[in-house]
Amino acid sequence: MLKIYSRSEVAKHSSENDLWIIIDTHVYDMSRFIDMHPGGSFPILEVAGKDATDVFYGLHKQDVLLKYDRYKIGTIVNETPQVTFNEAGDLSKVPYAESSFWMGFKSPYFNERHTQFRIAVRKILDSMKTEARELEDSGERPPDAFVQKLGAVGLLAANIGPDAVKGIALPGGIKPEEYDYFYEMIVHEEFARWSCPGLNSGVLGGMTISVPTIINFAKPELKAKTLPLILSGKKRMALAISEPGAGSDVASIKTTAKISSDGSHYIVNGVKKWITTGCFADYFSTAVKTGGGISMLLIERTEGVETRHIKTSSGSSAGTAYVTFENVRVPIGNLLGVENHGFKVVLSNFNHERYIMLCGASMAARLVVEDCFKWANQRQVFGKRLIDQPVIRNKLAGMIAQVESMHNWLENLTYQMNHMDYKEQSIKLAGPLALCKYQITRMLHNVSDDACQIFGGRAITKTGMGRNVETLQRTYKFTVRVLTF
Ligand SMILES: Cc1cc2nc3c(=O)[nH]c(=O)nc-3n(C[C@H](O)[C@H](O)[C@H](O)COP(=O)(O)OP(=O)(O)OC[C@H]3O[C@@H](n4cnc5c(N)ncnc54)[C@H](O)[C@@H]3O)c2cc1C
């Protein structure tokens, strides 16, 4: 039960064993916390019995207050807090923290249904954010319950696009027939707000880039057998194209598939490298050589399939794998598309893959801009807030301009995807998507660089205020890699 205190009453509790402080009109009893404070007891003793609002916000994120809410004992009489707390699902009030439509501007693309959807998705993902961040930090395999929770609310299929959500209940009461690429864009952006690139790769990465090969190229029986399992999270899937000797140059892969003497199976031998989600995958959509060219096969994890973890800059929960296939028997019916014409499957798949990365990258940068805005307003140096320095405002303006430009291009590309069938997209959008990906990587580089200047030491500190900035500067180069395909 919270009580009402005067400031003079709080001032009486200023010793190490009886230590109260005020943060934004709320009174906290820190006596039991002082020995647990990650920054040591000294900074708290300095503000014992006093108003610690400026000192607190100069060093911490607001989330810290939510975490330690149990130490709150009351409020100051006749005073109103200045800082408001975001509830799960709330849109941010920080300038440019949301894209244009959600900052109150008109849009030819979005309407209130999209807002309904975004808020519903954000509520779900906000409620899973703490667990997501723990998994990211520990590098664990994303647990079945976690993945299946997303599957149950339609948020696995929603990552793959309009063709994947048929018959699936979606957040916010959105009907599958309404679901277009603008809804999909929202989904990628909302997942990016976790700022857990490793976990996102492990849960969604492999699946989102590989499932389209089933949707667009598998025989009906194979589709019916595998899709419901994957989209509900009961089985996991990866795309296995790259090899140690063949990355950009896909045509030079060496993995072979030879037809068995009874004609019922392909026998696959070879290795694949950097396969996202590979460590956890039950299915691998795999590029193989079949004599007359490249073919794509859906390979189940079975005898002869081995995966080993490869450590990369993002967390281990990405499950990035070195995969070996040794005399693996794959039923003939698992061929995706036409034998020796698998290159078409590979190339057409890359467009959507690029698109997913673009949406995630755009939001990752926006999130960092939001953090920079907050930090520049909170942090006092040489007696002034950072934002009072013209050079900092100049950096923020440059970052915002770049994020907004890229986002606008992305909205245009999303519109094109909405008005082209899969074949037309495959023909027309490879160039623009690749160029947009090139430019967005430049934008990430610049935003990350400026954010590091604004955040100082915290930009390379994994916990605390700079978490999102540290994550971006460590991982933004991931957006580059698929361009080389
Ligand atoms: C974290 C991570 C996850 C990945 N996930 C997957 C996955 O799930 N599935 C999968 O199949 N693969 C995956 N990959 C592999 C990725 O697609 C390859 O790394 C990429 O295709 C580049 O291949 P490479 O690394 O062998 O570079 P290379 O092909 O050796 O290229 C090296 C450099 O040369 C440049 N280059 C290439 N060709 C030319 C040219 N003609 N002219 C000028 N420059 C050129 C490239 O841009 C690149 O910068 C992943 C990689 C990473 C790092």
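The second largest cavity in this predicted model is lined by 14 residues. Nearest its centre lie Ile160, Tyr181, Asn216, His352 and Tyr422. The volume of this second largest cavity is about 160 Å³. Three helices, α8, α10 and α12 (422-428), each supply at least two residues of its lining. Sorted by class, the lining of the second largest cavity has six nonpolar residues, seven polar ones and one charged.

How many cavities of 30 Å³ or more are there? The count comes to three. The largest of them holds about 700 Å³ of space. A total of 33 residues line the largest cavity, and those closest to its centre are Pro197, Asn200, Ser201, Met357 and Gly360. Two or more lining residues come from each of α7 (181-192), α8 (197-217), α10 (342-378), α14 (467-475) and α15 (478-481). Among these elements, α10 gives the most to the lining of the largest cavity, with eight residues. By class, this lining consists of 17 nonpolar, 14 polar and two charged residues. Helices α8 and α10 thus appear in the lining of the largest cavity and also in that of the second largest.

The next topic is the cysteines. A disulfide is a covalent bond between the sulfur atoms of two cysteines. A search of the whole structure finds zero disulfides. Cysteine 279 is in no disulfide, and the nearest cysteine sulfur, in cysteine 196, is 18 Å away. Is cysteine 359 buried or exposed? Cysteine 359 is buried, with a relative accessible area of 0%. Its closest cysteine sulfur belongs to cysteine 436, at 9.0 Å, which is too far for a bond, because a disulfide needs the two sulfur atoms within 2.5 Å. Cysteine 279, by contrast, is partly exposed, with a relative accessible area of 23%.

Towards the start of the chain, a UniProt annotation from an unreviewed entry, "domain: Cytochrome b5 heme-binding", covers residues 2-77. Over residues 2-77 the chain is 25% helix and 26% strand, and the C-alpha atoms at the two ends are 12 Å apart.

The last topic is a sheet. Five strands form an open sheet in the order β1-β5-β4-β3-β2, with mixed pairing. Its edge strands, β1 (3-5) and β2 (14-15), each pair on one side only. Within the sheet, β3 (residues 18-23) and β4 (residues 26-29) run antiparallel and are joined by four bridges. Which residue of β4 is the bridge partner of isoleucine 21? The partner is tyrosine 28.

Conventions. Residues are numbered from 1 along each chain as its sequence is written. This is a predicted model: local features need pLDDT of at least 70, side-chain atom pairs count only at pLDDT 80 or more; totals for chains, interfaces and linings use all residues. Side-chain values use heavy atoms; hydrogens and water are left out. Two strands pair if DSSP finds at least two bridges between them. Buried means under 20% relative accessible area, exposed over 50%, partly exposed in between (1.4 Å probe, protein chains only). UniProt positions are given in the numbering used here, feature names are shortened, and annotations may be inferred rather than shown by experiment. On a 1 Å grid over the protein atoms alone, a cavity is a set of points where a 1.4 Å probe fits but cannot get out, and a pocket is an open set with protein on both sides within 12 Å along at least five of seven lines; lining residues have an atom within 4 Å of a point. Grid points are joined across faces, edges and corners, and a volume is the space filled by probe spheres set on the points. Ala, Val, Leu, Ile, Met, Phe, Trp, Tyr, Cys and Pro count as nonpolar, Asp, Glu, Lys and Arg as charged, and the others, Gly among them, as polar.
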